[in-house]
Amino acid sequence: MPRKQGEAYLGNPLLKGPNVQIDYSKEDLEKYVRCASDPEYFLENFMKIVTLDHGPQLIQLYDFQRQIIRSITDNRFTICKIPRQSGKSTIMIGYILHAILFTNNYKCAILANKLKTATELMNRLKFAYESLPKWLQQGVVEWNKLSISLENGSKVVASSTSSSAVRGDSFNFLLLDEFAFVPPNIAEDFFSSVYPTISSGKTSKVVIVSTPNGMNAFYKLWKDAAAGRNNYKTVEAFWHQVPGRDQKWVEETKKSLQSERQWVAEYECEFLGSEDTLIKPSKLASLVHENPISETMDGLKIYEVPMKNHIYTMCVDVARGIGSDYHAFTLIDCTAMPYKVVARFRNNTMPAMVLPNLLSVVGNKYNEAYVLIEINDIGQQVADILHDELDYENVATITVKGKKGQKVGEGFGGGRTQYGVKMSQQIKKTGCMVVKEMVEQDKLILNDFDLIAELSTYVSKGASYEATIGYNDDLVASLVLFGWLSTQNYFKELVNTEIRQRLFEEKLRKLEEDLVPFGFLESDEDDLSRDASALARETPVNDYIESKRQQHRWTDKDFDDW
């Protein structure tokens with residue numbers, strides 16, 4: 001029976017309009033049924049793409065493209081690490097095309113790093129749709145620049161990735177294309193505001209596809225997926241899996257690139273940080289982040305609970321809390337090397353005058369942690385409120401000694417004193433060099449993803465270091481403060497004195513255990529207590545440390561109450 005071509009949509013002869021009846025031949029029906037059940041058959045026999053050398057051509061699937069289709073079909077969450085110019089976007093468009101044709105009321109969202117890229121992806125989808133025979137098409141209801149609606153209720157929209165993208169709508173399928181190239185602040189806002197509403201569905205699918213671009217949100221998702229820390233299934237491809245790419249192609253491609261580094265990142269798909277980073281790239285690549293054991297909505301992440309008699313320092317970089325730079329602190333266990341980050345905080349909306357309350361609460365929980373605050377701007381007010389109004393005693397006192405610079409805890413040798421330290425070129429230089437040595441020699445354990453990511457873009461500029469344009473370095477700034485603090489005599493004495501105190505307590509405990517069989521604890525408990533106190537006074541343990549030791553007897557209930 002001859003087929004009717006049907007009426008065109010808005011005069012476009014390549015598109016079938018809505019409510020147009022098509023008479024199918026037996027052969028058409030057989031092909032239609034097979035297309036509906038076999039995406040790979042559909043793509044290789046009916047989806048056309050435009051090639052540079054041959055113009056419109058049917059797609060020829062590579063093995064890794066088939067793997068992507070099967071992973072998306074079988075799993076809700078898929079993440080793909082694919083080299084440049086390997087057909088990653090094409091296969092995504094093919095999957096979406098199949099889904100909207102053969103599934104009723106199927107809504108898809110295409111989000112790309114740039115609106116231009118999203119528009120290009122939509123244009124590819126439109127070309128593929130227009131190339132289909134009319135008997136495979138659904139009638140078109142809307143055909144706009146960034147959206148398509150079909151008579152079966154299915155829909156596709158395209159947009160750039162942002163905190164407002166596709167907000168307020170529900171989707172069955174979300175594609176995040178070139179996600180590694182989305183600016184960090186936008187990626188963070190997107191995942192906190194839009195992503196949860198989409199991924200919370202029971203059947204919705206999320207696919208993230210990108211070429212690596214440093215240590216960012218895509219890097220974290222990939223590493224977590226590879227380690228089994230999230231629900232994403234990984235699919236990766238390599239440049240040699242694309243037919244026609246041989247050694248000659250490699251040599252020609254490298255000539256067109258700016259550096260070997262670009263080849264490694266874009267075609268070998270290695271996660272590389274920026275060049276000239278404070279921490280050498282090979283060390284950055286080996287750092288492993290952990291999932292926090294606790295996390296709050298305002299940016300506090302905890303990796304280890306407070307430990308009785310442990311020594312903690314908290315170094316704080318203060319911002320204005322108006323959505324640009326971040327308040328940030330790193331809380332470090334300094335009890336013994338290697339030192340370890342046990343908690344961190346980063347937030348760019350919290351009012352600065354609220355920050356002291358958070359510092360007080362966290363500091364007190366961690367054995368009245370020693371707090372060093374950077375006071376170049378509004379930080380001085382934060383330090384004053386923390387010490388004077390909240391009665392937090394363990395705020396670092398800095399003595400300014402003219403040409404000798406700033407010193408911690410040396411208030412008896414003359415000079416002006418202040419709560420907190422003013423960042424200077426010399427302090428930053430010293431802090432950077434110490435952090436570099438500690439991290440590269442495994443004397444400081446960094447387990448926070450955002451901290452590692454900031455270090456991957458913390459680069460040399462002149463005689464100093466700072467974040468690459470478009471990135472932040474607030475957590476790194478707090479780490480640099482710690483690096484400088486660790487060079488101060490006061491810090492060394494604090495740590496050594498605490499260690500000596502713990503050794504004394506351990507010896508005293510063993511002494512008490514040895515005396516138990518002789519009954520001395522029952523008959524002479526008061527005398528033993530007095531003897532222990534006398535012995536403590538004879539040891540090099542100052543009254544301040546002793547008072548802190550007496551105050552902190554951590555129990556499980558203490559932490560549960562927190």
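Glutamate 178 lies in the loop between β10 (173–177) and α6 (184–193), where helices (H or I, at least four residues) and strands (E, at least two) are DSSP runs numbered from the N terminus. The structure is a predicted model, in which local features need pLDDT of at least 70 and side-chain atom pairs count only at pLDDT 80 or more, whereas totals for chains, interfaces and linings use all residues. Residues are numbered from 1 along each chain as its sequence is written, and side-chain values use heavy atoms, with hydrogens and water left out.

The phi angle of glutamate 178 is near 50°, a positive value in a residue other than glycine. Most residues other than glycine have a negative phi, and most peptide bonds are trans. With a relative accessibility of 15%, glutamate 178 counts as buried, the term standing for under 20% relative accessible area, as against exposed for over 50% and partly exposed for values in between (1.4 Å probe, protein chains only). Glutamate 178 also forms a salt bridge with lysine 88, the closest N and O atoms being 3.3 Å apart; a salt bridge is here a side-chain nitrogen of Lys or Arg within 4 Å of a carboxyl oxygen of Asp or Glu. Because lysine 88 lies in helix α4 (residues 88–102) and glutamate 178 in the loop between β10 and α6, the pair ties together parts that are 90 residues apart in sequence. Lysine 88 is likewise buried, at a relative accessible area of 6%.

By this rule, the count of salt bridges comes to 23. Arginine 344 forms one of them with aspartate 448, with the closest N and O atoms 3.1 Å apart. Since arginine 344 lies in strand β17 and aspartate 448 in the loop between β22 (444–445) and α15, this pair ties together parts that are 104 residues apart in sequence. Both partners are buried, arginine 344 having a relative accessible area of 3% and aspartate 448 one of 0%. Another salt bridge joins aspartate 450 to lysine 301, the closest N and O atoms being 3.7 Å apart, and it links distant parts of the chain, with aspartate 450 in helix α15 (residues 449–456) and lysine 301 in strand β14, 149 residues apart. Aspartate 450 counts as buried at 14% relative accessibility, and lysine 301 is buried with a relative accessible area of 12%. These four residues belong to a network of salt bridges that links Glu188, Glu295, Lys301, Arg344, Arg346, Asp448, Asp450 and Glu454.

Aspartate 317, which is found in strand β15 (residues 312–317), is buried yet has no salt bridge, and the nearest side chain of opposite charge, that of lysine 428, is 9.7 Å away; for this purpose Lys and Arg count as positive and Asp and Glu as negative, while His and the chain ends are not counted. Leaving aside neighbours within four places in sequence, aspartate 317 is in contact (heavy atoms within 4.5 Å) with Tyr326, His327, Ala328, Glu374, Asp474, Ala477 and Ser478.

The largest nonpolar core has 71 residues, and those with the most contacts inside it are Val166, Leu174, Ile208, Tyr232, Leu372 and Leu446; such a core is a set of buried Ala, Val, Leu, Ile, Met, Phe, Trp, Tyr and Cys residues joined through side-chain atoms within 4.5 Å. Helix α16 (residues 474–485) gives the most to this core, with eight residues. A second, separate core of 53 residues includes Ile69, Leu101, Leu150 and Phe173. Leucine 372 touches Met314, Cys315, Val316, Ala396, Ile398, Val421, Leu481, Trp484 and Leu485, when residues up to four places away in sequence are not counted.

In helix α13 (residues 379–389), the buried residues include Gly379, Val382, Ala383, Ile385 and Leu386. Seen down the axis of α13, its buried residues fall within an arc of 160°, so they line one face of the helix, the arc being that of the directions from the helix axis to the C-beta atoms. The buried residues of α13 pack against α12 (355–365), β18 (370–373) and β21 (416–419). Just after this helix, aspartate 391 takes a positive phi of about 55°.

Two further backbone features lie in loops. Asparagine 309, in the loop between β14 (300–302) and β15, has a phi near 70°, a positive value in a residue other than glycine. Proline 338 lies in the loop between β16 (327–333) and β17 (339–347), and the peptide bond leading to it from methionine 337 is cis, with omega near 0°.
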